[in-house]
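Colleague: Got a minute to go through this one with me? I'd like to start with the outside and then look at the strands.

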Amino acid sequence: MEKQQCLLNDIVYDILSRMPVKSLIRFRCVSKSFGSTITDPKFIATHLNQAISLSNNNNSTHNGYLLYTPHPSSPDIEEELHTVVYNTDHSLTEVSSFEIPYVLGGANIVAFCNGLLCLTNNSEKNLADQSLYLWNPSIKMFKIVPTQFPDHLSVSGVTFGFAHQNNDFKILRLVCFASGGAEAQVYTLEYKFMEKV
């Protein structure tokens, strides 16, 4: 009986790893075991690898695009992201559309990696006031990244990526001070804090 249960769990795991993200979000509520499976970092990595593998096996070259609709002059209309595919008849088909969460001063997209976006607000007047955000549009999760930067910054640069060695997302922020010094800080999603390097 125990072997049958183990086999059943493996089959469910395999089926879940092939489901679309929106379905998985709904399935988290089915049971505690589904919820813990779907939110487990190993399952998330398996799901991502499955999606990449499926995309590569379709013998298709890169035909998916992320389109950004900038903030228009009318403040009533929100900024949006659209995922589209380029069809063989040279047309575009929209797959999904996401309203970008409001951040003070508007949002700049820093980078996109494995379904997560790193955003910053448009606070160009005072770089020390610039905030960083992580956003997963598929599951509608939005996180403010804690940053601590002193005043008197002259230049600030941000990049975002995924470290395969420890299965973690990282944000690197480089700053140059008006006084001539420089500093780098790294934020890791796993440890949820920014540290100087």
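Colleague: Which residues form the nonpolar patch on the surface?

Modeller: Keep in mind that this is a predicted model. The patch is made by Tyr65, Leu67, Tyr86 and Leu92. Together they have about 380 Å² of accessible area.

Colleague: And where does Leu92 sit?

Modeller: Leu92 belongs to strand 3, which covers residues 92–99.

Colleague: OK, on to the sheet. What's the order of strands in the open sheet of four?

Modeller: The order goes 4-5-6-7, and the pairing is antiparallel. Strand 4 (107–113) and strand 7 (141–145) are the edge strands, so to speak: each of them pairs on one side only.

Colleague: How much are neighbouring strands turned against each other there?

Modeller: On average by 25°, if you ignore direction.

Colleague: How many bridges are there between strand 4 and strand 5?

Modeller: Six bridges, in the antiparallel sense, with strand 5 running over residues 116–121. As one example, Ala107 has Asn121 in strand 5 as its bridge partner.

Colleague: Changing topic: cysteines. Is Cys113 buried or exposed?

Modeller: Cys113 counts as buried, because its relative accessibility is 14% and the cut-off for buried is under 20%.

Colleague: What about Cys118, buried or exposed?

Modeller: Cys118 is buried too, with a relative accessible area of 0%.

Colleague: How many disulfides does the count come to?

Modeller: Zero disulfides. The rule asks for a pair of cysteine sulfur atoms within 2.5 Å. A disulfide, after all, is a covalent bond between the sulfur atoms of two cysteines.

Key. Residues are numbered from 1 along each chain as its sequence is written. This is a predicted model: local features need pLDDT of at least 70, side-chain atom pairs count only at pLDDT 80 or more; totals for chains, interfaces and linings use all residues. Side-chain values use heavy atoms; hydrogens and water are left out. Buried means under 20% relative accessible area, exposed over 50%, partly exposed in between (1.4 Å probe, protein chains only). Two strands pair if DSSP finds at least two bridges between them. Helices (H or I, at least four residues) and strands (E, at least two) are DSSP runs, numbered from the N terminus. Axes are lines fitted to C-alpha atoms, for helices over the stretch in contact, and angles run from 0 to 180 degrees between N-to-C directions. Patches are made of residues with over 30% relative accessible area and no salt bridge: like charges are joined within 9 Å, nonpolar side chains (Val, Leu, Ile, Met, Phe, Trp, Tyr) within 5 Å. Accessible areas come from the Shrake-Rupley method with a 1.4 Å probe; for residues, only the protein chains shown count as cover. A salt bridge is a side-chain nitrogen of Lys or Arg within 4 Å of a carboxyl oxygen of Asp or Glu.
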